[in-house]
Amino acid sequence: PDPTLMDITIKVRAEYPTNVSTSQLEVRCPLPASTVSGSCQLEDRQIPAKCELKLAERSAVWELKRLGGGHEITLTAKLVLE
């Protein structure tokens, strides 16, 4: 059978004052058990962050070093399912 493609999009918005920021924020999204591969990315490269698909843990993980108040970031993952 042909593989199935799936897109996941998550928006994180810091709805607190602009003079406040958070550090070491981690966003985890569970993946379907049938996920065999994929990729993840961040829309805004100005926010220091990294992303990784952890297939053994069945999760997509985005680590943001800092997110200032009033900012928003979009996290996306493109998955290939069996």
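Contact means heavy atoms within 4.5 Å. The structure examined in these exercises is a predicted model.

**Exercise 1. Describe the chain as a whole, including the share of its contacts that join residues 24 or more positions apart.**

Solution.
Step 1. Begin with the secondary structure: the chain holds zero helices and six strands, which gives the pattern β-β-β-β-β-β when read along the sequence.
Step 2. Consider the dimensions. The C-alpha trace spans about 50 × 20 × 20 Å along its principal axes.
Step 3. Turn to the surface. About 5,400 Å² of the chain is accessible, and carbon and sulfur atoms hold 49% of that area. Of the 82 residues, 32% count as buried.
Step 4. Take the contacts with a separation of 6 or more. Residues 24 or more positions apart account for 73% of them.

**Exercise 2. Determine the order of the strands in the open sheet that contains strand 6, and state which strands stand at its edges.**

Solution.
Step 1. Three strands form this open sheet, in the order 1-6-3, with antiparallel pairing.
Step 2. Strand 1 (4-13) and strand 3 (35-42) each have a single partner strand, so one side of each is left without a neighbour in the sheet. These two strands therefore stand at the edges.
Step 3. From one strand to the next, the twist averages 20 degrees.
Step 4. Examine the pairing of strand 1 with strand 6 (residues 72-81): the two run antiparallel and are joined by 10 bridges. As an example, Thr4 has Leu81 in strand 6 as its bridge partner.

**Exercise 3. Describe the open sheet that contains strand 5 in the same manner.**

Solution.
Step 1. The order is 2-5-4, and the pairing of these three strands is antiparallel.
Step 2. Strand 2 and strand 4 (49-54) are the edge strands, each pairing on one side only.
Step 3. Neighbouring strands of this sheet are turned against each other by 15 degrees on average, direction ignored.
Step 4. Six bridges connect strand 4 and strand 5 in the antiparallel sense. Ala49, for instance, has Leu64 in strand 5 as its bridge partner.

**Exercise 4. Identify the residues with the most contacts inside the largest nonpolar core, and find which strand gives the most to this core.**

Solution.
Step 1. The largest nonpolar core has 19 residues. Those with the most contacts inside it are Leu53, Trp62, Ile73, Leu75, Ala77 and Leu79.
Step 2. Locate the contributors. Strand 1, strand 2 (21-30), strand 3, strand 5 (59-68) and strand 6 each supply at least two residues of the core.
Step 3. Strand 6 gives the most, with five residues.
Step 4. Take Leu79 as a case. Apart from its neighbours within four places in sequence, Leu79 is in contact with ten residues by list: Thr4, Leu5, Met6, Ile8, Leu31, Pro32, Thr35, Ser37, Gly38 and Leu53.

**Exercise 5. Decide whether Lys65 is buried or exposed, and describe its surroundings.**

Solution.
Step 1. Lys65 lies in strand 5.
Step 2. A residue counts as exposed when its relative accessible area is over 50%. Lys65 has a relative accessible area of 53% and is therefore exposed.
Step 3. Residues up to four places away in sequence are not counted; Lys65 then touches Thr22, Ser23, Gln24 and Pro48.
Step 4. For distance, compare the position of Val36: its C-alpha atom is separated from that of Lys65 by 28 Å, and the two residues are 29 apart along the chain.

**Exercise 6. Examine the salt bridges of the chain, with attention to the pair formed by Glu72 and Lys11.**

Solution.
Step 1. Side chains of opposite charge can pair when their charged atoms come close. The count for this model comes to seven salt bridges.
Step 2. Glu72 and Lys11 form a salt bridge, with their closest N and O atoms 3.5 Å apart. This pair links distant parts of the chain, since Glu72 is in strand 6 and Lys11 in strand 1, 61 residues apart.
Step 3. Assign their exposure. Glu72 is partly exposed at 32% relative accessibility, whereas Lys11 is exposed at 56%.
Step 4. Extend the view to the network: Lys11, Arg13, Glu15 and Glu72 are linked by salt bridges.
Step 5. Add two further pairs. In the salt bridge of Glu26 with Arg28, the closest N and O atoms are 2.9 Å apart. Lys50 and Glu63 meet in a salt bridge at 3.6 Å, N to O, and they join strand 4 to strand 5 across 13 residues of sequence.

Definitions and conventions:
Residues numbered from 1 in each chain as written. Predicted model: local features only at pLDDT ≥ 70, side-chain atom pairs only at ≥ 80, totals over all residues. Heavy atoms only, no water. Pairing = 2+ DSSP bridges. Helix = DSSP H or I, 4+ residues; strand = E, 2+ residues; numbered from the N terminus. Axes fitted to C-alpha atoms, helices over the stretch in contact; angles between N-to-C directions. Core = buried A, V, L, I, M, F, W, Y, C linked by side-chain atoms within 4.5 Å. Buried < 20%, exposed > 50% of the residue type's maximum accessible area, 1.4 Å probe, protein only. Salt bridge = Lys/Arg side-chain N within 4 Å of Asp/Glu carboxyl O. Areas by Shrake-Rupley, 256 points an atom, 1.4 Å probe, with all protein chains shown as cover.
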